[in-house]
Amino acid sequence: MIFCENSGDGQHLMCIECGQSIEKLFKTFSNGASRIATCKHCKRDVDKYVEYDAMALFVDLLLLKATAYRHWLFNSQVNFHWRLAAICCLSDAYARHYNTNLLISGQHDYFKLELRYYYYFIISTILFILTFQLMYHIVIYLPSVTSYKKRHKSIIIRGLLLANFGKLFILCAAIWGRIPTSEYSDLELSTVYLYMVSLLVISSIAEAVMVLLQSSYAMAIVITLGIMAFKNAIGFVLEEVVPLKSFEDFMLSIS
């Protein structure tokens, strides 16, 4: 991960402790030595994570620490946004796909399983794009209820990806989160495991919204519930407008 040493090019550095804007992460002395800069507001190091390895940062992100979120969003340069976005969409499609509970009885059913995954991947991608647009407009049009400063679009993309990083744990369900539902059916994702992952995703969205908008946690929870309600409503509409059965029949007709 690359760190931004100075603010510029739309990148606004931030003290991870107090959330105030800063000019640089490092202070350079006349002899060429450098150390982490001290915040003028809270008198603490502006970003301790520049000296941490990636695993320590990941653990603090998992623990929903605001300091780790501020480092990821404002003080680092992440150049693999769309790869992370693709992984998030694939993970979401994986969860939706395994909730269909299709019995496997032959080669034709395996092909239908593949079609179902494509169907849910398309829906997950559409929902990801619409959710990003919603978060972007929330950040832009909520100055009256938050102390936000206008965010660069890349920071909002990073915030959305960070808010959905919990979905990566859905991939682990292939090993740890599956239980036999009956003697004759395929293994299915554990409902409890999926609920735990969903709770992590909701909590991470609330944390990311709070850091992005510099709002209270109560306000972040209200916004998060609105985002989740919007996403679920749009997902329901998409599945009603283009039912799975119609998608399968269409794909089978052209195959």
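A cavity here is a set of grid points where a 1.4 Å probe fits but cannot get out. Keep that in mind for the first view, and bear in mind throughout that this is a predicted model.

**View 1. The enclosed space between helices.** Searching the whole structure turns up one cavity of 30 Å³ or more. The space inside the largest cavity comes to about 40 Å³. Helix 4, helix 7 and helix 8 are the elements that each give two or more residues to its lining. Look for Met135, Ile138, Val139, Val209, Leu212, Ile223 and Ile227 around this cavity. Helix 4 hands over the largest share of that lining, three residues. As for chemistry, the cavity lining counts seven nonpolar residues, no polar ones and no charged ones.

**View 2. Val209 and the residues it touches.** Val209 helps line the largest cavity, and it is also listed among the residues with the most contacts inside the largest nonpolar core. Setting aside residues up to four places away in sequence, Val209 touches Met135, Gln214, Ser215, Ala220, Ile223, Thr224 and Ile227.

**View 3. The largest nonpolar core.** This core has 46 residues, and Leu61, Tyr69, Leu73, Leu162 and Val209 have the most contacts inside it. Two or more residues come from each of helix 1 (54-62), helix 2 (66-74), helix 3, helix 4, helix 5 (153-163), helix 7 and helix 8. Helix 7 provides the largest share of the core, 11 residues. There's also a second, separate core of nine residues, including Cys15, Ile36, Val46 and Val50.

**View 4. The largest pocket.** Here you're looking at about 610 Å³ of space. Its lining is made of 30 residues, and Asp92, Arg96, Lys167, Ser198 and Lys231 lie nearest the centre. Helix 3 (81-98), helix 4 (107-141), helix 7 (191-213) and helix 8 (217-241) each bring at least two residues to the pocket lining. Helix 7 gives the largest share, eight residues. The pocket lining is a mix: 17 nonpolar residues, eight polar and five charged.

**View 5. Thr131 up close.** Thr131 sits in helix 4. Is Thr131 buried or exposed? Its relative accessibility is 8%, so Thr131 counts as buried, the cut-off being under 20%. The Thr131 side chain reaches the backbone oxygen of Leu127 at 2.6 Å. Apart from neighbours within four places in sequence, Thr131 is in contact with Leu160, Ile227 and Lys231. Two of these names appear in earlier views: Ile227 lines the largest cavity, and Lys231 is one of the residues nearest the centre of the largest pocket.

Note on methods
Residues numbered from 1 in each chain as written. Predicted model: local features only at pLDDT ≥ 70, side-chain atom pairs only at ≥ 80, totals over all residues. Heavy atoms only, no water. 1 Å grid on protein atoms, 1.4 Å probe; cavity = no way out; pocket = protein on both sides within 12 Å on 5 of 7 lines; lining within 4 Å. Points joined across faces, edges and corners; volume = space filled by probe spheres on them. Helix = DSSP H or I, 4+ residues; strand = E, 2+ residues; numbered from the N terminus. Nonpolar A, V, L, I, M, F, W, Y, C, P; charged D, E, K, R; others polar. Core = buried A, V, L, I, M, F, W, Y, C linked by side-chain atoms within 4.5 Å. Buried < 20%, exposed > 50% of the residue type's maximum accessible area, 1.4 Å probe, protein only. Contact = heavy atoms within 4.5 Å. Polar contact = N/O pair within 3.5 Å; in protein donor to acceptor, adjacent residues only side chain to side chain.
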